[in-house]
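Biologist: I am new to this kind of model, and I would like to learn how to read its features one at a time. Could you take me through them, giving the general idea and then the case at hand?

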Amino acid sequence: MSAWLSENLLTALLVVPMLGAIGVLFMPRQWPNAIRRFSVAMLTVNFGLSLLLLPDFVELVQYVLGRLPGVEDLTLADYSQQGYLFVVDEPWIESVGISYKLGVDGISLWLVLLTTLLTPIALFASWTSVKTKVKEYALAFLLLEVGMLGAFFALDLFLFYVFWELMLVPMYLIVGVWGGPNRVYAAVKFFLYTMVGSLLMLVAILYLVGSYEELTGFYTFDLVALHDVILPFDAQVLLFLAFAVAFAIKVPMFPFHTWLPDAHVQAPTGGSVILAAVMLKLGTYGLLRFAMPMFPLASQFLGPTIAVLGVIGIVYGAYCAWVQKDVKKLVAYSSVSHMGFIALGMFAMTPQGINGAIIQMVNHGVSTGALFILVGVIYERRHTRDIDEFGGLAKVMPWYAVLFIIVAMSSIGLPGTNGFIGEFMIMNGAFASSFIEGPFDIVGLGRWGVVHTLVAATGVILAALYMLHAVLKMFWGPVSKKENEGLRDMTWREWAAVAPLILFIFWIGVHPTTFLDASAPAVDNFISDFRTKFAESRDDSLRLWHPDRHTAPVEEGEEVEAEPAEAAAEAEAPSDGQREAANVLPPSERTLALAAPSHPAPSLNATGENR
Amino acid sequence: MSMWLVIAPLLLMLVSGLFIMLVDAFAKERAELALVTSVAIAVAGAISLGVLVQGGAPADMPEVLTRYLASDPFAHFFDVAICAGASLSVLLAGGYLREHGLERGEFYVLVLFSCFGAMILARAIDLLSLFVGLETMSLGVYAMIAFRRTSARAVEGAMKYFLLGSFAAAILLFGSALLYAGTGHTDFVGIGEMIASGDAENRLVLVGMLMVVVGLAFKVSAVPFHMWTPDAYEGAVTPATTFMSVSVKAAAFAVFVRVCMVALGDESVMTASGWPTAIAGLAVLTMVYGNVAAIVQKSIKRMLAYSSIAHAGYVMVGLVAAAEIGAPAISAVLFYLLAYTVSNALAFGSLVVMGSRGKEAVHYDDLRGVGRRHPMAALPFVIGVLSLMGFPPTAGFFGKYYVFNAAVQAGDVWLAIVGVLASAVGAYYYLRVIVVMFMQEPEEDQVLAVPMKSGYVATALAASGAAVMALGMMPGWFLDVAIEAARQLLG
């Protein structure tokens, strides 16, 4: 039972919210509370299930429930090893090499947990604010979680694309149906921006798969296999751009950020929380998982430029946040600023930078999520978000003020809170990027890292400015407006939604090692792999990195030895006619001779399998 | 396999057409003509599917059948698409005509005969059978457009289509004559062989080819030969529009592919005439114009007309790729047309179900708030437009994916990029349907369209919706069949 659970844990994480969605579909709409309870329960169950990804948690379960049958053989995931864990690999559309392949590693682990934690919280936070069409609202959240988790899990580019697009529809509906007055404009803008980017990415994926087919004679969308394709410089640049634009729109990176304030301001609270906390992370995650490792030359060539855009985003977002009258818009622009830090950290190419970026993704999710929930709390009471409408709230709603200020401090990056850890590590990494030693000294930001860091540091000061400005106007001073007297302080529901986030704000701030232990080995692999592939790519040719790992598919039932890929490629390559023949290979078992994911492979440092 | 089984779908069309005519003339009470017709067409499609799965026609077909008509898997694949589209259209008509007081038996007869023509067209391997099939198909459609006799718009659309269609047919015929004059053959294979051997009169062939391509481009409504499309689609009763936009288009593309790949598939013709480049230009124009023009429409029917123009552009992208890489691209075209057939039938069906007696839903405004009032009626429309948009995991997504994949593999990356950007534009107007249904409320004094209750329409929606999802979730089987059909087409 439990061995089965370990093998299918990722599938289970997708199936539980799916079952929840089906369940909600059959519940009568006259029972809004039952629907809310059921869907929050399903999402919470999924969160509990996702905790099984953590070895420490599994050990705890075993300690507590050791007597129960099956608990003992739950897998203890070891995130210090290379490769992906909990891998599922089933063929889906065999004739074109599309498979249902999922896995997690130290890079995606915390983002997965962030998703499973925040989705129930976001739905819970809109318990009272969403009164119409509760059934559809819950349905959208459940499906949204399927799409987001699937995108984080997918190790097949096609599958990734499907999930990537899939999460667009629920979000579009959440903004468009339950949003503010200008919701339709915001929803359509959000949808179209993302769609344009992702369609270009689809073309890039097709080109990449075509190149792979040219080299081996068969198709696959397997990320691990495609990782071994080494492309010439020009192709790398174009493909990287196609991927990076899709992801940069999602992040959103300056100058693609204009959809974000619209979408955030119009979205209902729960939608804003998910949008900021999880969906934006998919952009940075995509860069880290797909764009950078697959096209290292281009990533290095364009990376510093993207880092500059990140820095511009930091400062520009902060200035925009400063002048906002609408609190929600302020938080939205602060997102642009914080996401700029993450981009800077990633392209610094130092362990501190990338670890900082990963931790900052989680931080931003937690802090901004909490901020949006808190903004929702006051909006529900006053039906305005105009900063000038408030003042002296600390007297009326003391607990609310305490929580808001804690979260605001974490957003600024006060030491002791999570924001400090992330931003400090990122700036440390960017600074160190100027002084990378060794044969690959060109990797990273180069000498400009120092300048990047200096400018980015002003972003922290600006963050203090705009956040404290807002806090000052909202909470201190006399209660100037009559409407603000007698506002109710936090209800237990609001407490319950915010409390876990406050816990994580301090946990990450005080003891970040808990989180870095899992991501650090993955980041080390990522960097060494990036450098090796970078060195391999420098001869500017189209070739396969580990040709012996890619064998042509063998037809089921036939006892034919798998031909080495090169021989197959030679046999297939010459004429178009024969290429067609390769294209139309009948459904067959894909036997990629890749190392098993759990393969320890210590000697395979910097190979296609690692990261 | 019996030879009779191979030609059974054609015979079934003819016999049931005559039968319905008689029944309509003599039956006092209105018989359930829609049921009989749709079942007949579905059976014809099922027989074709069976023949397709069994590996095609026997080798010993009598010469009288093989001289002008092919019985290859390619033809049978298109039979399936044409019959699926026609059968769904008839089901829609069963609800629509009765609801709007237009129930007259000749509609079904016209569909059956037109469908017969379409199937002939998909099988045509000779310029003569091509022309006969094309005219048989078109005459039925002209009459179908004018079916609502009292409506000026319907008559205008029919006249426009009839006049322009006659011109196009004349041009096509003239082109055929020139091809015959240049090569001495009327069959595609013979024309192809003459050109390959270099014995053909090249100037005549080039001019003839150009005219044939123009004639066919008119039928598939490629820009700039699309002028008739919006008016004809708008004027026609919606089930007829459905039939035109799916079955007729599929058949026209079938013969388009055959002419291009069999008669003009020779390398020397491609380089000499550059038809792949010309079609690539048409494809770009069609995709861009179709999508941009669709944005500004106020009527959903017109929007769907322009969207079907845009979809013709995507299919032509596959055709251009086929010039380079052959079978894989042709299979993409086949799959795309099948996916488009079910998706478009679903979208038009959803439009049909939105209106009932007294008020037909035509404009966006008619759909305001339908999603809130009647979510179950709105759901098929959502799936339909998402599939037309090319959203995973629907049929339309895999269709687009295969076509653009073919273009990328053929080295036409730019064409794929134009295609995806055009379809991103398309997302805007498809989304608008969802926007008005779910995010807008009707105005105070607005006459609300009430969804119709009809078993026929519900069946059509359920069938096409299931097909859209099935092709989206499990495209593998149909793709394998399409690849096999494409390979046999090229020999």
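Biologist: How much area do chain B and chain A bury between them?

Modeller: Buried area is the accessible area, taken with a 1.4 Å probe, that two parts lose on being put together, summed over both. In this predicted model, chain B and chain A bury about 3500 Å² between them, with 76% of it on carbon and sulfur atoms. On the side of chain B, F391(B), Y401(B) and M439(B) lose the most area to chain A, together 18% of what that side buries. As for conventions, residues are numbered from 1 along each chain as its sequence is written, while chains are lettered from A and ligands numbered from 1 in the order in which they are written. Because the model is predicted, local features need pLDDT of at least 70 and side-chain atom pairs count only at pLDDT 80 or more, whereas totals for chains, interfaces and linings use all residues; side-chain values use heavy atoms, with hydrogens and water left out.

Biologist: How many residues does each chain bring to the contact, and which helix of chain B gives the most?

Modeller: Contact means heavy atoms within 4.5 Å, and here it takes 43 residues from chain B and 40 residues from chain A. Across this interface the rule finds three residue pairs in polar contact, both residues being at pLDDT 80 or more; a polar contact is a pair of N or O atoms within 3.5 Å, where within protein one must be able to donate a hydrogen and the other to accept it, and residues adjacent in sequence count only if both atoms are side-chain atoms. Among the helices of chain B that each supply at least two residues to the side touching chain A are α14 (300-325) and α19 (413-439), and α19(B) gives the most, with 14 residues. Helices here are DSSP runs (H or I, at least four residues), numbered from the N terminus.

Biologist: How many salt bridges does the rule find across the interface, and how many over all chains?

Modeller: A salt bridge is a side-chain nitrogen of Lys or Arg within 4 Å of a carboxyl oxygen of Asp or Glu. The rule finds zero across the interface of chain B and chain A, but 25 over all chains. One of them joins R258(B) to D72(B), the closest N and O atoms being 3.0 Å apart. Since R258(B) lies in helix α11 of chain B and D72(B) in the loop between α3 (63-66) and α4 (73-99), the pair ties together parts that are 186 residues apart in sequence. R258(B) is buried at a relative accessible area of 2%, where buried means under 20%, exposed over 50% and partly exposed in between (1.4 Å probe, protein chains only).

Biologist: Where does T241(B) lie, and is it buried or exposed?

Modeller: T241(B) sits in helix α11 (residues 238-263) of chain B and is buried, with a relative accessible area of 0%. Its side chain reaches the backbone oxygen of Y233(B) at 3.1 Å.

Biologist: Why does C115(B) form no bond with C83(B)?

Modeller: A disulfide is a pair of cysteine sulfur atoms within 2.5 Å, and the count comes to zero over all chains. The sulfur of C115(B) is 4.8 Å from the closest cysteine sulfur, that of C83(B), which is too far for a bond. C115(B) is also buried, at 0% relative accessible area.
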